[in-house]
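Q: I have just opened this model and would like a guided close look at one part of it. Could you start with the overall picture and then take me into the details?

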Amino acid sequence: MKIVFLGPPGAGKGTQAEKIISRLGIPQISTGEILRRAIREKTPTGLEAQSYIEKGALVPDDVVVRIVRDRIAEPDCKNGYLLDGFPRTLPQAEALASFESIDVVVNLEVPASLLIHRLSGRRVCAQCGYTTHVDRGEAKCPKCGAELTQRKDDAPESVQNRLDVYEKQTKPLIDFYAEKGLLKNVDGSKPLAEVTEAILAALGSN
């Protein structure tokens with residue numbers, strides 16, 4: 001099954017993706033991860049992407065599309081995959097449709113007020129990467145005892161900017177996939193386990 005995950009920052013796409021791929025036995029494809037891998041392996045497209053990153057510029061759509069295209073052609077994707085973080089824009093979605101047929105698009109819906117609470121309250125351990133939330137009341141990392149910090153892009157003003165960018169660039173994808181009859185909306189504000197079961201139901205896999 002070829003799946004695309006949509007949803008604003010803080011909707012829980014990464015967390016849910018891990019659970020879904022475990023249940024379905026397919027790889028999760030994150031654009032950030034495959035970009036880093038292509039750069040590390042010094043593939044032609046990876047070197048091209050690196051040239052933009054080193055200049056502080058965004059990697060162009062056509063380069064990202066080529067990297068995704070190369071990744072989904074690998075053997076572990078023959079039974080399907082879950083795309084997380086791609087496509088982000090309408091041109092990327094149109095490019096993907098030109099060479100691949102997606103089976104279903106899961107859109108996690110979460111109210112803006114809850115997204116802001118989730119993201120602005122997130123804390124990360126700089127030592128081991130453990131992620132938590134201020135609601136849990138953890139003063140230090142329970143895994144290694146290091147300080148918990150807030151990422152710059154989780155500050156309230158940054159969160160609002162990220163949501164604005166999503167609204168402008170990525171939300172049009174919802175209409176794009178709805179018109180194709182591929183969109184399944186899931187309430188991402190519910191408890192984690194309930195959201196997982198709702199996604200599996202939308203995929204016809206529970």
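What percentage of the 206 residues in the chain do buried residues make up? After that, please zoom in on S120 in helix 6: where does S120 sit, and which residues is S120 in contact with beyond its neighbours in sequence?

A: Happy to walk you through it. Please keep in mind that this is a predicted model. To take the first point straight away, buried residues account for 42% of the 206 residues in the chain.

A little background helps before the zoom. The chain is built from nine helices and eight strands. Its radius of gyration is 18 Å, close to the 17 Å that the globule rule gives for 206 residues, so the chain is as compact as a globular protein of that length. Along the principal axes, the C-alpha atoms fill a box of roughly 50 × 40 × 35 Å. Among contacts with a separation of 6 or more, 66% are between residues 24 or more positions apart. On the outside, the accessible surface comes to about 11,100 Å², and carbon and sulfur atoms supply 49% of that area. As for charge, the chain carries 28 positive and 28 negative side chains, and the centres of these two sets lie 3 Å apart.

Now to the part you asked about. S120 belongs to helix 6, which covers residues 112–120, so S120 is the residue at which that helix ends. Its relative accessibility is 18%, and because the cut-off for buried is under 20%, S120 counts as buried. The side chain of S120 reaches back to the backbone oxygen of I116, at 2.5 Å. Setting aside neighbours within four places in sequence, S120 is in contact with Q150, D154, P156 and V159.

One of those partners, D154, deserves a look of its own. D154 lies in the loop between strand 7 (148–149) and helix 7 (156–170). Although D154 is in a loop, it counts as buried because its relative accessibility is 0%. Its contacts, again without residues up to four places away in sequence, are L119, S120, R122, V159 and R162. If you put the two contact lists side by side, S120 and D154 name each other, and V159 appears in both. When you colour this region, then, S120, D154 and V159 make a handy trio to display together.

For comparison, here are two other buried spots. L96 is in helix 5, and at a relative accessible area of 0% it counts as buried. L96 touches V4, L83, F86, P87, I102 and Y177, not counting residues up to four places away in sequence. Two of these partners, F86 and P87, are joined by a cis peptide bond with omega of about -5°. P87 itself is found in the loop between strand 3 (81–84) and helix 5 (90–99). L96 also has V65 at 7.2 Å, C-alpha to C-alpha, with their positions 31 residues apart in sequence.

The second spot is I67 in helix 4 (residues 61–72), buried with a relative accessible area of 7%. Beyond four places in sequence, I67 touches I34, L35, A38, T45 and A49. The C-alpha atoms of I67 and K152, 85 residues apart along the chain, are separated by 28 Å.

Finally, two exposed loop residues round out the view. K42 sits in the loop between helix 2 (31–40) and helix 3 (44–54), and its relative accessibility of 57% makes it exposed. K42 has a positive phi of about 55° although it is not a glycine, so you may like to inspect its backbone while you are there. G25, in the loop between helix 1 (13–24) and strand 2 (28–30), is exposed as well, at 62% relative accessibility. The C-alpha atoms of G25 and N79 are 8.7 Å apart, while the two residues are 54 residues apart along the chain.

Technical notes
Residues numbered from 1 in each chain as written. Predicted model: local features only at pLDDT ≥ 70, side-chain atom pairs only at ≥ 80, totals over all residues. Heavy atoms only, no water. Helix = DSSP H or I, 4+ residues; strand = E, 2+ residues; numbered from the N terminus. Rg over C-alpha atoms; globule rule 2.2 N^0.38 Å. Buried < 20%, exposed > 50% of the residue type's maximum accessible area, 1.4 Å probe, protein only. Contact = heavy atoms within 4.5 Å. Areas by Shrake-Rupley, 256 points an atom, 1.4 Å probe, with all protein chains shown as cover. Lys, Arg positive; Asp, Glu negative; His and termini not counted. Charge placed at Lys NZ, Arg CZ, Asp CG, Glu CD. Polar contact = N/O pair within 3.5 Å; in protein donor to acceptor, adjacent residues only side chain to side chain.
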